[in-house]
Amino acid sequence: MELHNGLLFWPTTLLKEPHTNPPIKPHYDAIIVGAGMSGILTAKALIEEGLTVAVLERNALGSGSTSANTGLLQYSNDIQLHELSDLIGEEDAVRFYKLCFEAVDQIEKIAQSLKDQADFIRRPSICFASEKKDVSKLEKECEMLVKNGFPAEFWNELIVEKRLPFKAPAALYTKNDAEMNPYKFVVSLTEQLIAKGLDLFENTYANIIEDEGNEITLHTMNGIFKTSRIVYTTGYDRLPYGKMKGADINRSYAIVTEQKPRFEGWYENALIWETARPYLYMRKTTDHRVIIGGLDEKKADPAKHETKVEAMANVLLDKLHELLPGETFHAPYKYCASFGESLDHLPFIGQHPKQPNHYYLLGFGGNGTVYSMLGSQILADLVMNRPNDDARLVTLDRKYGIK
C-alpha cells in the first residue's frame, strides 16, 4: 500500500547517507518490521535492554508515514480528556494523558542527543472553537485538564481577538507541547543506533513469516532471518501477520509553504488546531515556513491524481489566508497521505493474545509520534517479561485490536 502521494518536504531537509545492508546474523533476540518512528524508537528501547536487534524495512528508512508526519507533538489527543473519561473512565483517561505528556519529555531527551537535535522546539498549543457551540466543550476540557495538573488556560472571544490574527468564539491554550522534524529524528537516531549494534535492512520485505514456537523465521528476497521475538511497527500499511479490527484508514492533505522570514502575528509560534472534526492544524518550521493540513476523507489510499492533490492544496491555502489575513502564501510542497484512527481513539500496543512472541506498536491517531514513544517503553517491559500497569490501556485483546 502506498502511504502518500505528492511532493514531501521533510526528505529535502536532510541528505541521507547511502546505506548498505549488513551481513545477516544467525539469530536475533528481536526483529522489528518497519523502519519508521515506531520501529526506530522500539529498536532503541530494546537495544538498551541489551538485545541483538534487526529492523527490516520494505522500502527506505523513514520513507513511509514518517516523511508525511507534520511533526506536531502534543499531549492532547484527537479525543479530549473529558470525552475519553466518559469512554474509559476518568482514572484511566488521565493516566493515558499523563503518559502522552511524559512521552514528549522523553522525545526531547532523545532529540537533545542527536545532531541538530532534529529541530525539536518546545511550543504551546492553541485549540480554537470552530463554532460557538464548541465553547462549552473547551471550558469543560480546560477544567478537566487543570483539575488533573495539566497546564491549560481558557481564552474567551476577547482574548482570542487580542492574541490571534483571526476571530474565534474561544480557545484552549496549553503548554509543554513541541514540534520537530520527524525525518531528521528517525534518520539521526538510526545512525546513532547502528553505532551501538543495530542491524538495519532496507528494501527487505518479509514475504513469509513462520512461527515454530521458540523460533520465528522470516523469508525475504535478501535472505532468511531467525528471531525469538518479532515486533510489527508497520503503521498504516498492511500487517504482514495478523489482522486489524476496530480501525479506519483514511487520508488527509497537507501543504508546506515557501519561506516567509518576516511575517508576524503568530502568538508564541504555537501549534494551532481546532475543535471541528475533521480538523485543520498548522505550525511553523525552523526555516520560516508554514505547514497546514486537514481536509480528511474516508478513503484509505492517497489521492493518485495530481489535479486532486492540487485542488485540495488550494483549499488549504485559502484556509491559511483566512487564518493569517494580510499574508500571501504559495505551496511548493503538497501531498496526500493515509492515516489510521482506532474506533476507541487509543493506539494498538502490546503482545498478540494468541501468539506470545509477536508484538505490535501501531500508533493509530493524530498523536502517532507520541504513541510511538510511550509504546516503545511499554513494549520493552513486555518483551523483557516485566509487568507494566499501563499496557492494559492499549492492549490488543480489548474490544478493538489485532486478531
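I began with the lining of the largest cavity in this predicted model, and I found S76, Q80, S125, C127, E141, L172, T174 and W273 around it. I then looked up which elements give two or more residues to this lining, and they are β5 (121-128) and β7 (170-179).

I noted a volume of about 60 Å³ for the largest cavity. By class, I recorded 3 nonpolar, 4 polar and 1 charged residues in the lining of the largest cavity.

I next asked how many cavities of 30 Å³ or more the model holds. The count comes to 2.

I turned to the second largest cavity, for which I entered a volume of about 30 Å³. Its lining consists of F128, I272, W273, E274, L280, Y281, M282, I292 and L323. I looked up the elements here as well: β15 (271-274) and β16 (281-284) give two or more residues to the lining of the second largest cavity.

Which element supplies the largest share of the lining of the second largest cavity? I found that β15 does, with 3 residues.

I classed the residues of this second lining too, and obtained 8 nonpolar, no polar and 1 charged.

I closed by reading the two linings side by side. W273 appears in the lining of the largest cavity and again in that of the second largest cavity. In the largest cavity I listed E141 among the lining residues, and in the second largest cavity I listed E274.

Methods
Residues are numbered from 1 along each chain as its sequence is written. This is a predicted model: local features need pLDDT of at least 70, side-chain atom pairs count only at pLDDT 80 or more; totals for chains, interfaces and linings use all residues. Side-chain values use heavy atoms; hydrogens and water are left out. On a 1 Å grid over the protein atoms alone, a cavity is a set of points where a 1.4 Å probe fits but cannot get out, and a pocket is an open set with protein on both sides within 12 Å along at least five of seven lines; lining residues have an atom within 4 Å of a point. Grid points are joined across faces, edges and corners, and a volume is the space filled by probe spheres set on the points. Helices (H or I, at least four residues) and strands (E, at least two) are DSSP runs, numbered from the N terminus. Ala, Val, Leu, Ile, Met, Phe, Trp, Tyr, Cys and Pro count as nonpolar, Asp, Glu, Lys and Arg as charged, and the others, Gly among them, as polar.
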